[in-house]
Amino acid sequence: MSQPKLISWYNNELQQKLGEIPVPTLMLIEGSNDTGKSVFAQQLTYGALRSGLKVSYITTENMVKSLISQMLSLSFDVRQYFLKGELKIFPLHVENIDWREEIANLFLEVISSYLNNRCAASVVIIDSLTYMITYANEEGVLTFFSSLRNICDKQRKTVILTVHPYAFSQELLIRVRSICDGHLILEIKTVGDKIVRMLFASKLRGVIGGSGSVIVAFEVDPAFGIKVIPYSQARA
Ligand SMILES: Nc1ncnc2c1ncn2[C@@H]1O[C@H](COP(=O)(O)OP(=O)(O)O)[C@@H](O)[C@H]1O
Ligand SMILES: [Mg+2]
């Protein structure tokens with residue numbers, strides 16, 4: 001058997017704490033506003049490109065140009081990859097849509113059909129799914145995640161999704177988590193007068209070097225992207 005493809009984090013501390021992300025993996029990144037979901041998605045995008053993998057990045061938050069400059073502001077220079085076609089960016093405009101259940105379900109179907117039939121990249125990022133998940137019905141959401149599961153396994157893709165945790169009902173969230181094999185929860189904690197960003201990696205099945213649950217405190221630093229800080233410092 002050939003060696004599995006691996007996504008490096010291109011960040012020593014994260015690499016050490018979380019291990020490389022194999023292809024295939026279905027990974028959910030959960031967090032409220034401003035917790036760092038997009039920064040993590042971009043760190044993984046950069047890591048995947050540097051690892052020689054092609055990436056399709058579906059964004060509801062940026063235009064093509066603004067995503068490239070946002071990544072550059074974190075020291076992730078993806079311009080060459082974009083020009084060579086190794087990074088494809090698909091902006092989805094979701095803000096001015098009159099969201100209804102049928103429209104949200106349709107969006108989910110279109111995304112999974114694109115990934116199933118047209119997408120050549122082995123790494124797919126969707127940042128974020130919050131609108132679609134909030135408005136789609138439970139059946140639509142579960143069908144979407146089952147088809148992603150199939151696409152990851154059969155077509156050997158790693159799909160990384162970001163979502164606001166309140167988009168799901170508690171029960172649906174538990175079912176969706178069980179379909180995924182990687183699961184990162186991002187939170188902002190206030191410690192004294194300091195704000196600290198935390199990552200809880202509660203599920204990393206199949207992730208090399210990762211075991212059980214991992215807790216990481218981090219800052220967002222333009223020179224690094226994600227900068228891991230000592231947990232004791234985070235608690236101090
Ligand atoms: N280039 C940057 N330099 C410094 N801080 C940044 C940069 N890009 C994003 N951040 C900060 O990182 C934090 C997390 O942002 P983001 O990943 O967009 O959150 P989310 O996607 O969860 O809403 C924000 O406080 C944001 O201001
Ligand atoms: Mg975001």
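Where is the place of Thr-158? I looked this up first, in what is a predicted model, and found Thr-158 in strand β7.

**Entry: Thr-158 and its surroundings**

I checked the accessibility of Thr-158 and noted a relative value of 0%, so this residue counts as buried, the cut-off being under 20%. I then followed its side chain, which reaches the backbone nitrogen of Thr-25 at 3.0 Å. Setting aside neighbours within four places in sequence, I listed its contacts as Ile-7, Ile-21, Pro-22, Val-23, Pro-24, Thr-25, Ser-122, Val-123 and Val-124.

Two of the names in that list, Val-23 and Pro-24, I looked up again for their backbone. The peptide bond from Val-23 to Pro-24 is cis, with omega near 5 degrees, and Pro-24 is found in the loop between β2 (21–23) and β3.

**Entry: another cis bond and two positive phi values**

I noted a cis peptide bond from Asp-127 to Ser-128 as well, with omega near 0 degrees, and Ser-128 has its place in the loop between β6 and α6. I record these bonds because most peptide bonds are trans, and most residues other than glycine have a negative phi.

On the second point I looked at Asp-34, which is not a glycine and yet has a positive phi near 75 degrees. Asp-34 is found in the loop between β3 and α2, and with a relative accessible area of 58% I entered it as exposed. I made a parallel note for Ser-75, whose phi is positive at about 70 degrees although it is not a glycine. Ser-75 is found in the loop between α3 and α4 (79–83) and is partly exposed, with a relative accessible area of 34%.

**Entry: ligand 1**

Which residues come nearest to ligand 1? Of the 14 residues around it, I wrote down Asp-34, Lys-37, Ser-38, Val-39 and Ser-73 as the nearest, so the exposed Asp-34 of the previous entry returns here. For polar pairs I noted that an oxygen atom of ligand 1 is 3.0 Å from a polar backbone atom of Gly-36, and that an oxygen atom of the ligand is 2.9 Å from an N or O atom in the side chain of Lys-37. A polar side-chain atom of Arg-197 lies 3.0 Å from an oxygen atom of ligand 1. Taken alone, the ligand exposes 570 Å², and I noted that the protein buries 72% of that area.

**Entry: the magnesium ion**

I looked up the protein donors of the magnesium ion (ligand 2) and found Ser-38 through OG and Glu-61 through OE, the latter listed twice, at 2.1 to 2.8 Å from the ion. The pair links distant parts of the chain, with Ser-38 in helix α2 (residues 37–50) and Glu-61 in the loop between β4 (55–59) and α3 (64–73), 23 residues apart. I classed Ser-38 as buried, with a relative accessible area of 17%, whereas Glu-61 is partly exposed at 45%.

**Entry: helix α2**

How many of the 14 residues of α2 are buried? I noted 13, which means that the helix is largely enclosed by the rest of the structure. I also checked its span: at 1.5 Å a residue the 14 residues should cover 20 Å, and the end C-alpha atoms are 20 Å apart, which agrees. After α2 comes Gly-52, whose phi is positive, near 90 degrees.

**Entry: helix α7**

I repeated the span check for helix α7 (residues 138–155), where 18 residues should span 26 Å at 1.5 Å a residue; the end C-alpha atoms are 25 Å apart, in agreement with that figure. Its buried residues are Gly-140, Val-141, Leu-142, Phe-144, Phe-145, Leu-148, Arg-149, Ile-151 and Cys-152. I read the list with the helix repeat in mind: at 3.6 residues a turn, residues three or four places apart point the same way. What covers the buried residues of α7 includes β3 (25–31), α5 (101–117), β6 (123–127), α6 (130–135), β7 (158–163) and α8 (170–179). The helix is followed by Arg-156, for which I noted a positive phi near 50 degrees.

**Entry: Arg-177**

I closed with Arg-177, which has its place in helix α8 and is partly exposed, with a relative accessible area of 23%. A polar contact of 3.2 Å joins its side chain to that of His-183. Arg-177 and Arg-50 are 127 residues apart in sequence, and I noted 28 Å between their C-alpha atoms.

Note on methods
Residues are numbered from 1 along each chain as its sequence is written. Chains are lettered from A and ligands numbered from 1 in the order in which they are written. This is a predicted model: local features need pLDDT of at least 70, side-chain atom pairs count only at pLDDT 80 or more; totals for chains, interfaces and linings use all residues. Side-chain values use heavy atoms; hydrogens and water are left out. Donors are N, O and S atoms within 2.8 Å of the metal (3.2 Å for Na, K and Ca); water is not among the atoms, so sites may look incomplete. Helices (H or I, at least four residues) and strands (E, at least two) are DSSP runs, numbered from the N terminus. Buried means under 20% relative accessible area, exposed over 50%, partly exposed in between (1.4 Å probe, protein chains only). The expected span of a helix is 1.5 Å times one less than its number of residues. Contact means heavy atoms within 4.5 Å. A polar contact is a pair of N or O atoms within 3.5 Å; within protein, one must be able to donate a hydrogen and the other to accept it, and residues adjacent in sequence count only if both atoms are side-chain atoms. A residue is near a molecule or strand if one of its heavy atoms lies within 4 Å of it. Accessible areas come from the Shrake-Rupley method with a 1.4 Å probe; for residues, only the protein chains shown count as cover.
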